[in-house]
Amino acid sequence: MPRPRRLPDALGSSFAVRDAQALGVSAGRLRGSDLLRPYSGLRTRRSGSTPERDEDPFAAQRRIRVEHALAYAPRLRPGQYFSHETAAALWGGPLPIAREDATVGVHVSTLGDGPLVRAAGVVRHRGDPRLVRVRTDLGLPVASPASTWTQMGHLPFFALVALGDHFCRAWRPGVGRPHVGKPQLATVAELRANIGAGRRLGGPMLREAIEWIREDSWSPRESELRCLIRAAGLPEPQLNVDLFDGAGFLGCVDLVYPARKVAIEYLGRVHANSWGADVERLARLRAAGWTVIEVTAELLADPAELLGRIRRALGL
């Protein structure tokens with residue numbers, strides 16, 4: 001079978017049919033098997049890549065949402081921008097895992113009074129210029145992180161906090177830490193100002209959730225674990241603390257009660273590639289007199305057992 005004729009490089013990986021036709025691409029070529037048709041009037045080049053077998057489910061869903069956005073981007077009109085779940089994914093934010101039978105649509109908002117999008121697979125919204133700031137530094141028009149967070153009042157409470165933690169993470173110095181000094185995507189003050197700018201869906205929950213957001217959480221599971229601890233009335237732990245003893249650096253731990261020498265570490269899929277290093281790090285902590293509670297997805301799903309272990313370790 002002959003190879004499809006090469007497409008103009010100027011079209012990129014996703015392009016509008018009208019742009020291809022303007023560059024002389026024939027209708028027959030646009031029906032080629034190497035092209036996907038994600039939305040009416042759009043084509044996307046097939047990728048030869050496949051998802052990683054052990055890909056974290058949060059990362060996998062985020063990747064799919066980003067792919068949908070990139071595929072739809074050529075259809076955006078002036079005044080339209082990505083919002084809600086799509087914007088959260090473009091900013092790298094965590095979202096609850098959708099049901100297997102749920103369709104992951106692309107969220108497109110129209111700012112002001114312009115016409116709303118009418119296309120299959122698109123969740124359309126109207127944006128109030130008083131409540132939304134649109135940024136383009138990702139190469140696409142996207143609701144700002146602060147605007148995005150205040151659009152998400154329909155999320156479960158812990159998920160809303162985790163998304164806020166992601167947007168407000170401060171990249172502080174520490175042993176081996178990446179991106180030290182990198183600007184936060186948003187600040188708690190910016191989120192608070194966006195809440196106060198006008199009425200929003202889920203306003204009461206947004207106002208409650210903002211009081212739970214912290215700048216030092218590094219993952220959605222850490223955020224969920226911290227929220228679970230706080231909701232149970234237990235003391236709130238410190239987050240991602242570098243621990244030392246007289247011999248030097250012991251390790252960085254997710255959640256810590258320094259006065260009680262209790263460390264809580266969430267072990268998820270991302271730890272699979274660093275399993276050996278994690279074993280040694282936790283062994284050093286135990287040898288130095290720390291009580292270490294290792295939390296897996298299975299233990300996180302059993303709050304009574306998890307909280308019981310934490311209470312016993314704290315002597316409560």
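**Exercise 1. Determine how confident the predictor is in this chain, and in which elements the mean confidence is lowest and highest.**

Step 1. In this predicted model, the mean pLDDT of the chain is 87, and 86% of its residues reach 70 or more, where pLDDT is the predictor's confidence in each residue, from 0 to 100.

Step 2. Among the elements, strand 2 (residues 35-36) has the lowest mean pLDDT, 62, while strand 8 (residues 142-143) has the highest, 98; helices (H or I, at least four residues) and strands (E, at least two) are DSSP runs, numbered from the N terminus. Where pLDDT is low, the predicted coordinates should not be read in detail.

Step 3. Local features need pLDDT of at least 70 and side-chain atom pairs count only at pLDDT 80 or more, whereas totals for chains, interfaces and linings use all residues. Residues are numbered from 1 along each chain as its sequence is written, and side-chain values use heavy atoms, with hydrogens and water left out.

**Exercise 2. Describe the overall make-up of the chain.**

Step 1. The chain contains 11 helices and 12 strands.

Step 2. Of its 316 residues, 44% count as buried, that is, under 20% relative accessible area, with exposed meaning over 50% and partly exposed in between (1.4 Å probe, protein chains only).

Step 3. Among contacts (heavy atoms within 4.5 Å) between residues at least 6 apart in sequence, 59% join residues at least 24 apart.

**Exercise 3. Find the cavities of 30 Å³ or more and characterise their linings.**

Step 1. A search of the whole structure yields two such cavities; on a 1 Å grid over the protein atoms alone, a cavity is a set of points where a 1.4 Å probe fits but cannot get out, and lining residues have an atom within 4 Å of a point. Grid points are joined across faces, edges and corners, and a volume is the space filled by probe spheres set on the points.

Step 2. The largest cavity holds about 40 Å³ and is lined by Phe58, Gln61, Arg62, Arg65, Gly93, Pro94 and Leu95. Its lining divides into three nonpolar, two polar and two charged residues, where Ala, Val, Leu, Ile, Met, Phe, Trp, Tyr, Cys and Pro count as nonpolar, Asp, Glu, Lys and Arg as charged, and the others, Gly among them, as polar.

Step 3. Helix 2 spans residues 57-72, and its buried residues include Phe58, Gln61 and Arg65, which also belong to the lining of the largest cavity.

Step 4. The second largest cavity, of about 30 Å³, is bordered by Arg169, Trp171, Arg172, Arg177, Pro178 and Trp218, a lining with three nonpolar, no polar and three charged residues.

**Exercise 4. Examine the geometry and packing of helix 11.**

Step 1. Helix 11 (residues 303-314) has 12 residues and reaches 16 Å from its first C-alpha to its last, close to the expected 16 Å, the expected span being 1.5 Å times one less than the number of residues.

Step 2. Leu306, Leu307, Gly308, Ile310 and Leu314 are buried in this helix, and the buried residues pack against helix 8 (220-231), strand 10 (248-257), strand 11 (262-266), strand 12 (291-295) and helix 10 (297-300).

Step 3. Just after helix 11, Gly315 adopts a positive phi of about 75°.

**Exercise 5. Establish whether Thr86 is buried or exposed, and what it touches.**

Step 1. Thr86 belongs to helix 3 (residues 84-90) and is buried, with a relative accessible area of 1%.

Step 2. Not counting residues up to four places away in sequence, Thr86 touches Ala69, Gly105, Val106 and His107.

Notes
On a 1 Å grid over the protein atoms alone, a cavity is a set of points where a 1.4 Å probe fits but cannot get out, and a pocket is an open set with protein on both sides within 12 Å along at least five of seven lines; lining residues have an atom within 4 Å of a point.
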